[in-house]
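Trainee: I've just pulled this one up and I'm new to it. Can you walk me through a few spots?
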Amino acid sequence: MANPASRPQRAYHQDYICRIRYENNLPPPPGSVKLLDIPIDGLDYYASPGFASRLHRSQPINIEADAELGMPVDLVGMPGVFDGDESSIQAPLIPPPVHPRDKNLLRPLSELGKPKYQPGGISFLRRTEYISSDVARARSEAASKSAPKSAGPKLRKPVDTSKDDPINVLRAVVKGFDIAHPEDAYSGPDTNDNIKGLEPTPAETEAWNNPKHPTKSNLKPVDIYPILPDLEAGTDTGSYMIAKFTANPTQVIEKHDPRMDVGMLRPIEMDDVAIAEFNAKLAAHVADPVRNPHPGGAPFNYHFFLPTDETSASNLRKKLDVHDPDKDNPNLYTTKNKDGKDIFRMNQQRVYETGRSTAADPDHAYKEIALALHDAEVEATDYSESAHDTNGDSTKRLGKAAYYYPVMQKMQLKPHRSKTLAQLGVTPRVEDDDDDRKIDALEVVVDDLNEIEKAKRAEHRAALLGEVGDGENDPAQ
């Protein structure tokens with residue numbers, strides 16, 4: 001009988017059959033392949049970090065962008081756009097509620113994945129419970145009886161509510177001043193005028209004497225400035241405004257235009273429609289502050305004026321600088337009006353409207369402030385000592401300190417679109433456009449404060465110092 005191992009084995013041909021269920025064919029590249037003629041210097045040349053940089057510099061990207069930069073914007077169907085009303089292309093102040101079908105798209109990453117199985121409402125599904133024997137249960141009961149009784153659950157440490165008492169808060173504030181000026185610390189009994197501060201700890205005294213950066217211990221303070229109010233720099237309203245232009249208001253783009261340092265904004269009186277809309281938004285905010293945000297400051301339009309040249313701007317700065325010894329020189333004026341009076345001429349640039357505006361709460365007037373560092377000894381080097389002696393006002397009007405100034409309103413100014421479009425003939429001209437064009441220039445004369453302006457500033461200064469009366473007390477006292 002023949003051995004089966006000696007028989008020749010027959011080979012069977014088999015084909016691997018695979019059905020493609022999902023195809024992911026990549027589309028062809030949008031442009032033709034660009035072949036570069038580059039030298040072949042080995043793998044090290046192409047693997048070096050500078051190869052890609054040299055290739056980028058030697059092969060500039062050739063992209064021909066159209067007038068709309070590849071993003072066509074069609075404003076024809078937007079209502080009110082060409083009339084200056086941009087509400088149709090802006091996001092609403094109150095976002096609409098999310099549709100229930102879209103809430104799943106807003107789930108955080110921690111909630112994504114397989115849903116947890118919750119057998120609620122199924123009676124025959126119970127947790128796995130282990131039944132212990134009677135012996136084990138007896139042992140556990142005996143061990144619990146023999147163990148010493150605990151003192152009970154650990155009680156939460158009671159919160160000292162007296163720290164929130166207004167008197168204690170005032171004592172903590174006074175403690176900060178006592179640490180800074182221990183020679184002026186009050187140690188007597190509490191009265192209506194004086195209150196004794198809390199006792200400072202050695203760590204607090206050491207932190208004041210040797211200040212350290214909270215995260216960078218190697219840094220050392222270069223100088224220390226006390227924070228004080230500038231009582232002599234008040235305005236008629238007692239505060240300041242911050243205006244930001246959405247675009248460059250001048251044609252100078254290579255450097256800072258010095259005329260911007262003395263530019264002037266003249267508000268235009270609001271019409272009845274704008275006043276009614278603002279009052280309606282303000283009333284809606286008072287009725288429901290959660291759903292209706294504060295409208296901010298009044299949306300005035302402004303004329304923007306600049307001096308005619310840089311020389312006029314420099315001379316105007318000297319007239320406004322109380323520290324400049326030549327501020328009273330009449331030769332600083334660069335123009336004469338038709339009556340022969342010395343003036344600074346400031347030409348109108350264009351009309352701006354308020355884009356976005358935020359107004360501070362009158363009850364929290366110092367929530368936002370502007371801070372200016374003032375060092376009389378450093379600034380005195382710009383003027384001679386003789387000027388200080390002959391001129392009654394010197395740079396030592398303010399001592400060395402960081403002076404703060406309250407900011408009551410911040411606004412964003414953008415070009416007045418309805419007026420611009422009316423000048424181009426896109427929209428019909430309205431009445432206020434003609435009124436805006438009447439003011440071509442301002443004749444500016446710098447003079448001292450009158451009695452009304454002095455009274456307003458004295459009133460704000462008295463309110464800042466907590467004085468009662470007409471505010472005629474000397475702030476230095």
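Mentor: Sure, starting with how elements are named: helices (H or I, at least four residues) and strands (E, at least two) are DSSP runs, numbered from the N terminus. This is a predicted model, where local features need pLDDT of at least 70, side-chain atom pairs count only at pLDDT 80 or more, and totals for chains, interfaces and linings use all residues. Residues are numbered from 1 along each chain as its sequence is written, and side-chain values use heavy atoms, with hydrogens and water left out.

Trainee: Okay, where does Tyr-366 lie?
Mentor: Tyr-366 sits in the loop between strand 6 (342–359) and strand 7.

Trainee: Is Tyr-366 buried or exposed?
Mentor: In between: its relative accessible area is 41%, so Tyr-366 is partly exposed. The cut-offs are under 20% for buried and over 50% for exposed, with partly exposed in between (1.4 Å probe, protein chains only).

Trainee: Switching topic, at what angle do helix 4 and helix 5 pack?
Mentor: About 55 degrees, with the axes of helix 4 (residues 166–180) and helix 5 (residues 202–209) 10 Å apart. That makes helix 4 oblique to helix 5. Here axes are lines fitted to C-alpha atoms, for helices over the stretch in contact, and angles run from 0 to 180 degrees between N-to-C directions. Under 35 degrees is roughly parallel, over 145 roughly antiparallel, 65 to 115 roughly perpendicular, and the rest oblique.

Trainee: And how many salt bridges are there in the whole structure?
Mentor: A search finds 10. A salt bridge means a side-chain nitrogen of Lys or Arg within 4 Å of a carboxyl oxygen of Asp or Glu.

Trainee: Which residue does Glu-204 form a salt bridge with?
Mentor: Lys-175, and their closest N and O atoms are 3.0 Å apart. Glu-204 is in helix 5 and Lys-175 in helix 4, so the pair ties together parts 29 residues apart in sequence. Lys-175 counts as buried at 15% relative accessibility, while Glu-204 has 29% and counts as partly exposed.

Trainee: What about Lys-414 and Glu-353?
Mentor: Their side chains meet in a salt bridge too, at 4.0 Å, N to O. This pair links distant parts of the chain, 61 residues apart, with Lys-414 in strand 8 (residues 401–415) and Glu-353 in strand 6. Both Lys-414 and Glu-353 are buried.

Trainee: One last pair: how far apart are the closest N and O atoms of Lys-410 and Glu-368?
Mentor: They're 3.3 Å apart, in a salt bridge. Lys-410 is in strand 8 and Glu-368 in the loop between strand 6 and strand 7, 42 residues apart.
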